[in-house]
Amino acid sequence: MLQDRKKHGDWIDRFEGLNRLPDDIREDLRKRSQIVSVPAGTEVFAPGQSADNLLLLLDGTVRVQQRSETGREVTLYRVNAGESCVLTTACMLAFEDYSADGIAETDVRAVAIPRATFDDLAGRSSIFREFVFKAYSRRITDLFALIDDIVFQRMDVRLASRLLELADEEGVVHGTHAVLATELGTAREVVSRILAEFQRRDWVKQARGEVRLVGKDGLIRLVRSAG
């Protein structure tokens, strides 16, 4: 833990808004929080659990997903380095338990701010409150966009958009058809059928556990055609 503190001694400055905190509030926040490490694949939170700490990510990615009563899953959003989790914020503000899963997609390092510290600083510091609610507002906007996509966008357009978003620098999306189905909240068979059509058009090439974007321009045109 001492090594963590040395490495991330100025972690407050990594979060937009917190770098404006006055010295006394910064010191309180630093002393009353701790840096935690979570291995990839770990369940960070689950439905029914209480939200006891606000996590601010320093490194890594946490995927937040919702599971229906029938077992179907949909990815709601990802929390990346420099961000906080809006679901955790909402649960802490409303004193509600989690209603979704948070999974560490990679090794994660984060600052854990205990509920008591969160409540205290939210009451004492307008800058801290602004940081919390700005992050909350941005993510709520993202969630409304997701709802709009699910309700109104064609599935082929949504899949093309998500492939472009998830592709690495070499144009490869690492994930099975089932994983992609979870991203979109649909059935694996639907994803398999659409990917087969994309491959027929020479937009993608499929291999075990990955999709390579070989005709990215075609995918971009499809997404743009839907506005």
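A disulfide is taken here as a pair of cysteine sulfur atoms within 2.5 Å, and by this criterion the predicted model holds 0 disulfides. The sulfur of C91 lies 8.0 Å from the closest cysteine sulfur, which belongs to C85, and this distance is too far for a bond. Seen from C85, the closest cysteine sulfur is in turn that of C91, at 8.0 Å, so that no bond is assigned from this side either. Both cysteines are nevertheless shielded from solvent in the computed surface: C85 counts as buried at 6% relative accessibility, and C91 counts as buried at 4%.

With regard to overall architecture, the chain has 9 helices and 10 strands, and its C-alpha atoms fill a box of roughly 60 × 35 × 30 Å when the dimensions are taken along the principal axes. Of the 227 residues in the chain, 41% are buried. The accessible surface of the chain comes to about 12400 Å², and carbon and sulfur atoms account for 49% of this area. Among the contacts between residues at least 6 apart in sequence, 68% join residues that are at least 24 apart.

Four strands form an open sheet in the order β2-β6-β4-β5, with antiparallel pairing. Strands β2 (43-45) and β5 (73-80) stand at the edges of this sheet, and because each has a single partner strand, one side of each is left without a neighbour in the sheet. Neighbouring strands of the sheet are turned against each other by 30° on average, with direction ignored. Within the sheet, strand β4 (residues 61-67) and strand β6 (residues 101-104) pair in the antiparallel sense over 4 bridges, and Q65 has D101 of β6 as its bridge partner. Helix α7 (residues 177-184) packs on the sheet, where it touches β4 and β5, and the direction of α7 makes about 80° with that of β5.

Helix α9 (residues 216-225) presents contrasting faces. Residues G218, L219 and L222 of this helix are buried, and they cover an arc of only 100° around the axis, which puts them on the same side of α9. In general, an α-helix has 3.6 residues a turn, so residues three or four places apart point the same way. On the other side of α9, by contrast, D217, R221 and R224 are exposed. The packing partners of the buried residues of α9 comprise both helices and strands, namely α6 (155-166), α8 (188-200), β9 (204-207) and β10 (210-213).

Two loop residues were also examined for their backbone conformation. The phi angle of F95 is near 55°, a positive value in a residue other than glycine; F95 is found in the loop between α3 (86-94) and β6, and it is exposed, with a relative accessible area of 58%. Likewise, D202 has a positive phi of about 65° although it is not a glycine. This aspartate, D202, is located in the loop between α8 and β9, and D202 is exposed, with a relative accessible area of 58%. The loop that carries D202 thus connects two elements, α8 and β9, against which the buried residues of α9 pack.

Technical notes. Residues are numbered from 1 along each chain as its sequence is written. This is a predicted model: local features need pLDDT of at least 70, side-chain atom pairs count only at pLDDT 80 or more; totals for chains, interfaces and linings use all residues. Side-chain values use heavy atoms; hydrogens and water are left out. Buried means under 20% relative accessible area, exposed over 50%, partly exposed in between (1.4 Å probe, protein chains only). Two strands pair if DSSP finds at least two bridges between them. Axes are lines fitted to C-alpha atoms, for helices over the stretch in contact, and angles run from 0 to 180 degrees between N-to-C directions. Contact means heavy atoms within 4.5 Å. The arc is that of the directions from the helix axis to the C-beta atoms. Accessible areas come from the Shrake-Rupley method with a 1.4 Å probe; for residues, only the protein chains shown count as cover.
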